[in-house]
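Please open the model in your viewer and keep the selection panel at hand. The tour below moves from one selection to the next and says what is found at each stop.

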2 protein chains.
Amino acid sequence: MCAPKDIIICGNQSKAEEFVKKVQGKKPAFVCVIGNTETAKIPGISAAGANPEFTDYTPAADMELLHYGKCKVIDGVPVTPDGIPTPAIITMSALELAEMPIFVVNGGCRVLPFTPYFEVGGTPGGDVRTGKAVENPKEVFEESFLLGKNLAKTVDYLVVGESTPGGTTTALGVLLALGYDAEGKESSSFPQNPHDLKINVVREGLTAAKADGKQIRGVLDAVAVVGDPMMPAAAGLVAGAALSVPVIMAGGTQMAAVLAVIKGMKPEVLKNIALGTTRWIIEDKQSDMISLVAQSAEVPILAVNLDFSESKYDGLRIYETGLVKEGAGAGGVSVAAILGSNGTITCRSLLEKIDENYARILDLEE
Amino acid sequence: MCAPKDIIICGNQSKAEEFVKKVQGKKPAFVCVIGNTETAKIPGISAAGANPEFTDYTPAADMELLHYGKCKVIDGVPVTPDGIPTPAIITMSALELAEMPIFVVNGGCRVLPFTPYFEVGGTPGGDVRTGKAVENPKEVFEESFLLGKNLAKTVDYLVVGESTPGGTTTALGVLLALGYDAEGKESSSFPQNPHDLKINVVREGLTAAKADGKQIRGVLDAVAVVGDPMMPAAAGLVAGAALSVPVIMAGGTQMAAVLAVIKGMKPEVLKNIALGTTRWIIEDKQSDMISLVAQSAEVPILAVNLDFSESKYDGLRIYETGLVKEGAGAGGVSVAAILGSNGTITCRSLLEKIDENYARILDLEE
């Protein structure tokens, strides 16, 4: 199923090859949807920040890193509680090598970046345990859909990623609310995936919604009850663009929930979509992205075959032990950079650039 | 200087032809920068709204019209005190014929549209009479510059317009503050241009700034004292994009002030810029766009040769008497639609589409 080259293909081989043929040598734009959810502040849920309260800053800081090569809302860069730096370092390196344009969409953030960003009517997300996670998913989906249609007129294709701490828990929420077999299949930025905690948190939210008399009649209801504000924005954006151009959804298991939303709203665009992620996600023993995606649609998964064991730096080599894995579109942007380069960008040249940026950002001696 | 065809060229003929050659047959994106200023609420200053207080709604309503073919923040469409409809009807018709993508940038609005829009750090503008018109032009210029650089990677070229009631007064302010010979040369949406009122208002602002000890040391200081929040956003956007692609600045005499800001910040990009406007502006006896532009740089002016005397509707025919004239990028977007169409879009087909949209929007019998 997976061959040892720059891009690993998972799932239906011929659909994947067909998709690759459509985008090879083409120039995409990267759109990153950012969101905050109070869910990320539940202790033990998210490692996308040095501590739970800090996760509010991670999406904004990631976007600043991608625009300026440094953060403004925080000193340094976002790190996990163990001090491992944000995967946005991978994204920025791939964007730089490919000279790919970047646009930010505010799904709903408490802390906003000092960069240009699109507003699409979103607001920050609530704690899923309340059963009131997202305020107005329909409006956000519709505005984002329109934005996707407009962006699709400007580029060959689109790469849509996300930065949303706590997002694998909300993804689990939406998938469980919709009846997917998702327990134990969502990934985590922690090395030890807190599956039980996530499941309990989501169940609490579903119970609370039921007690309030709230029924889940469609995908946007699932988002409203136990999702996060990134989801309707990303789903609308992807669906609007995929009406006319191919789209790579760049992310890990969080994108499986976005895919489920798209399937519920605009199933006709699924044929124009591929998932782009990292090897660390598809090889993760504690999650199962391939199963989650397959439950929505036969959409190809393209994983960048980055191997950090040959990095010069401990902080990057440690990715090989299963920390972080993915985020800020790292995998999908890498896939797009490689596919667009006619062979000039490889996993090797990408790792060199990542090492270089890592050293510069952390002010290390080479 | 000007020939009777679809596009009238003013100024240096060979520079204009060179610019036209660069963009002919190419596909641009339209970016519209919107802003509000308290200056528009001074009675007699702006006809971009049924009454002064209403001008806060005009930019948002214009953007909704361009996205949805109808407004959301108001019933109907923006009109002048005489009931003449917004020039955004021209823009929407040209966008529709050319299938041109549109993006909105919020320079600083009090009322925001129910459409996607970019934030670039702007805030609504104050009354120029206070000498404190715009809060943070430098930050807005820089974010917009970055946005322009990113947008330039996605399209052949950019058309940048604006919707800012009161904007000819703030344009006069910036030009006078910078020592331009601008008195009596700014256009107006009123049929009788209130030159004296505008000059007095601006002088009051310059006097107030001086009394506060504020000196004007550069173009962004002029914007801060007597400009409006559209200016730093539009100037940054144009300058960032024009580093690598051609840009049509779509607007009337307001764009002369934006051009002056660009000249002060990034003079090296002026060679990649043309002004796009309407015949009503360049033929206006009560203003002098050609002189205002020439004082900044030898930048070609391309004016769409729309003639509404053959429209089916009184509300459009009246444009020929000198009302409204320009706005929401009407002229420049029309120029771009014609230049990109290889002859399929003409002033005649554009007028047919405008008549059709006018009838639909105002719910008239054909």
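Which residue takes a positive phi just after H5(B)? Select B:Gly179, which takes a positive phi of about 85 degrees just after that helix. Before going further, note that this is a predicted model, in which local features need pLDDT of at least 70 and side-chain atom pairs count only at pLDDT 80 or more, while totals for chains, interfaces and linings use all residues. Residues are numbered from 1 along each chain as its sequence is written, chains are lettered from A and ligands numbered from 1 in the order in which they are written, and side-chain values use heavy atoms, with hydrogens and water left out.

**Helix H5 of chain B**

Select residues 167-177 of chain B, which form helix H5; helices (H or I, at least four residues) and strands (E, at least two) are DSSP runs, numbered from the N terminus. Of the 11 residues in this helix, 10 are buried, where buried means under 20% relative accessible area, exposed means over 50% and partly exposed lies in between (1.4 Å probe, protein chains only). Among the buried residues are B:Gly167, B:Leu172 and B:Leu176. To see what covers them, add the helices of chain B that include H6 (195-211), H7 (219-226), H8 (230-242), H9 (254-265) and H11 (289-296).

**Chain A as a whole**

Now show chain A alone, which has 14 helices and 8 strands and whose C-alpha trace spans about 60 × 40 × 40 Å along its principal axes. Buried residues make up 66% of the 366 residues in this chain. Contact means heavy atoms within 4.5 Å, and among contacts in chain A between residues at least 6 apart in sequence, 79% join residues at least 24 apart.

**Strand S7 of chain A**

Select residues 273-278 of chain A, strand S7, where 6 of the 6 residues are buried, so the strand is largely enclosed by the rest of the structure. A:Ile273, A:Leu275 and A:Thr277 point one way from S7(A), while A:Ala274, A:Gly276 and A:Thr278 point the other way. Add strand S6 (residues 247-250) of chain A, which runs parallel to S7(A) and is joined to it by 4 bridges; two strands pair if DSSP finds at least two bridges between them. One place to look is A:Met249, whose bridge partner in S7(A) is A:Leu275.

**A loop residue on chain A**

Move to A:Lys312, in the loop between strand S8 (301-304) and helix H12 (314-317) of chain A. At 52% relative accessibility, A:Lys312 counts as exposed. Add A:Asp355, which is 43 residues away from A:Lys312 in sequence and 6.7 Å away in space, C-alpha to C-alpha.

**Salt bridges**

Side chains of opposite charge can pair when their charged atoms come close. A salt bridge here is a side-chain nitrogen of Lys or Arg within 4 Å of a carboxyl oxygen of Asp or Glu, and a search of the whole structure finds 36 of them over all chains. Select A:Lys41 and A:Asp56, whose side chains meet in a salt bridge (2.8 Å, N to O). Both residues lie in the loop between strand S2 (28-35) and helix H2 (58-68) of chain A, so the pair ties together parts that are 15 residues apart in sequence. A:Lys41 is buried, with a relative accessible area of 15%, and A:Asp56 is buried too, at 8%.

In chain B, select B:Asp56 and B:Arg110, which form a salt bridge with their closest N and O atoms 3.8 Å apart. This pair links distant parts of the chain, 54 residues apart, with B:Asp56 in the loop between S2 and H2 and B:Arg110 in the loop between S3 and S4. B:Asp56 is buried at a relative accessible area of 7%, whereas B:Arg110 is partly exposed at 39%. Back in chain A, salt bridges that share partners join A:Glu38, A:Lys41, A:Asp56 and A:Arg110 into one network.

**Where the chains meet**

Finally, show both chains and select the 23 residues of chain B that are in contact with 23 residues of chain A. B:Phe103, B:Pro116 and B:Thr154 supply 25% of the area that chain B buries against chain A, more than any other three residues. Buried area is the accessible area (1.4 Å probe) that two parts lose on being put together, summed over both, and for these chains it is about 2000 Å², 69% of it on carbon and sulfur atoms. The count of salt bridges between chain B and chain A is 0. As a last stop, select strand S4 (residues 117-119) of chain A, which pairs with S4(B) in the antiparallel sense over 3 bridges, and find A:Phe118 standing opposite B:Phe118.
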